[in-house]
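Me: I am new to this structure. Please take me closely through one part of it, the place where the two chains meet, and the empty spaces there.

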Amino acid sequence: MLRAKTNFVYQAQRTLGNIDVFGIYDRLEKENIMLSFKGYLSEELLNSILAIIEEKMTHFNAEAKTKKRVYNVLVECLQNLYHHSMADGEKKEQSIIVMIVHHAEGYSVITGNMISTQDVENLQTHIRQINSMDPEQLKELYRQVLNNGSYSSKGGGGLGIIDIARRSGEKLDYGFVPVDEFNSFFSLNVKIPK
Amino acid sequence: MNMESIKVEGTPKTPEIALDGNAGTLLISGRSIPENSVEFYAKVLSWLDAYSETPCPKTILDVKLEYFNTSSSKCLLDVFKRLEGLKKGGADVHIRWFYEEDDEDMLEAGEDYDSIIDLDFEMCVMEEQ
């Protein structure tokens, strides 16, 4: 319903302090972002994000299979971020970013976090290897790592990204940004087609 | 045989566990997506170690998972390896892997285990709840 025009004239104000509130809202809206969070990822928050997305997706007209894939990918992505921020046994309380996007072609789970610059090469090699594989090769790699891989005390251990790639069925989109002498920002976009 | 039975209620992140040592029926059902699966499955594995000493002639494990994370996948493999050991010891062991009809990912996950473990996995479609 359109409201009648009012004669009241006001000054447009989109920026409060240094923050362009309308700009941020407009970007999130135009990019079809269902949920966006930036900050420290606690276990409680991780649980809340999973619950929110699961609830939101019940209202979407997508196949059960697709919804399950989104949920599975989100679990792996969030737990990767969570374990990474707990590395060395102590909480680093580092801030991360996670966004879940719902667009015409499907869903995207986008994450970003700081990693040590000396880990960039290994991670890049790992993802390039995964991206070079077809579904049958990914299945073989998964089985091989599951059966022979060494595992961290938390379980997992190298299976996460392979599992994500299998469920996505698309190439992993990723990037690195140098931040300072020791740290780089790693971003990952996992697409789940409808 | 006087094997203690274990029953653990399911939670949004951990599965229901029911291990009946007298009947030889084992169940893992629900969601298995904890941050630390090793901790959760430790009691299942130690129960299986004790059960393996005096197993029932026939053991049936039903796996009815809606979701599981990669942290759980190695723990599940450890469970199946214990049962594989039982079979090598001469016991009759049967695993039923349940999946929802349209959930080809869960079916494929069962096939992953079937390819690694020397036990027959019976793939069963879950009844609508």
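Reply: Start with one pair of residues. B:Asp105 forms a salt bridge with A:Arg69. Their closest N and O atoms are 2.8 Å apart. Keep in mind that this is a predicted model.

That pair has company. The rule finds ten salt bridges across the interface of chain B and chain A. It also finds 17 residue pairs in polar contact there, both residues at pLDDT 80 or more.

Which elements of chain B touch chain A? Helix H1 (37-51), strand S4 (58-68), helix H2 (70-88) and H3 each supply at least two residues. H3(B) gives the most, with eight residues. By class, this side of chain B has eight nonpolar, seven polar and 14 charged residues.

Now the whole interface. On chain B, 29 residues are in contact with 31 residues of chain A. The area buried between the two chains is about 2600 Å². Carbon and sulfur atoms give 47% of that area. In chain B, B:Glu35, B:Tyr67 and B:Thr70 lose the most area to chain A. Together they account for 26% of what that side buries.

Next, the empty spaces. The structure holds two cavities of 30 Å³ or more.

The largest cavity has a volume of about 60 Å³. B:Asp105, from the salt bridge above, is one of the residues in its lining. The others are A:Lys68, A:Asn72, A:Arg167, B:Glu66, B:Phe68, B:Asp103 and B:Met106. Helix H3 (64-85) of chain A gives two or more residues to this lining, as do S4 and H3 of chain B. The lining divides into two nonpolar, one polar and five charged residues.

The second largest cavity has a volume of about 30 Å³. Its lining includes A:Arg167 and B:Phe68, both of which also line the largest cavity. B:Thr70 is there too; it is among the residues of chain B that lose the most area to chain A. A:Glu76, A:Tyr142, A:Asp163, B:Asn69 and B:Ser73 complete the lining. H6 of chain A and H2 of chain B each supply at least two of the residues. By class, there are two nonpolar, three polar and three charged.

Last comes a pocket. About 470 Å³ of space lies in the second largest pocket. Of its 25 lining residues, the closest to the centre are A:Pro135, A:Ala165, A:Arg166, A:Arg167 and B:Glu108. So A:Arg167 appears once more, having lined both cavities. The pocket's lining has nine nonpolar, three polar and 13 charged residues.

Terms used:
Residues are numbered from 1 along each chain as its sequence is written. Chains are lettered from A and ligands numbered from 1 in the order in which they are written. This is a predicted model: local features need pLDDT of at least 70, side-chain atom pairs count only at pLDDT 80 or more; totals for chains, interfaces and linings use all residues. Side-chain values use heavy atoms; hydrogens and water are left out. On a 1 Å grid over the protein atoms alone, a cavity is a set of points where a 1.4 Å probe fits but cannot get out, and a pocket is an open set with protein on both sides within 12 Å along at least five of seven lines; lining residues have an atom within 4 Å of a point. Grid points are joined across faces, edges and corners, and a volume is the space filled by probe spheres set on the points. Ala, Val, Leu, Ile, Met, Phe, Trp, Tyr, Cys and Pro count as nonpolar, Asp, Glu, Lys and Arg as charged, and the others, Gly among them, as polar. Contact means heavy atoms within 4.5 Å. Buried area is the accessible area (1.4 Å probe) that two parts lose on being put together, summed over both. A salt bridge is a side-chain nitrogen of Lys or Arg within 4 Å of a carboxyl oxygen of Asp or Glu. A polar contact is a pair of N or O atoms within 3.5 Å; within protein, one must be able to donate a hydrogen and the other to accept it, and residues adjacent in sequence count only if both atoms are side-chain atoms. Helices (H or I, at least four residues) and strands (E, at least two) are DSSP runs, numbered from the N terminus.
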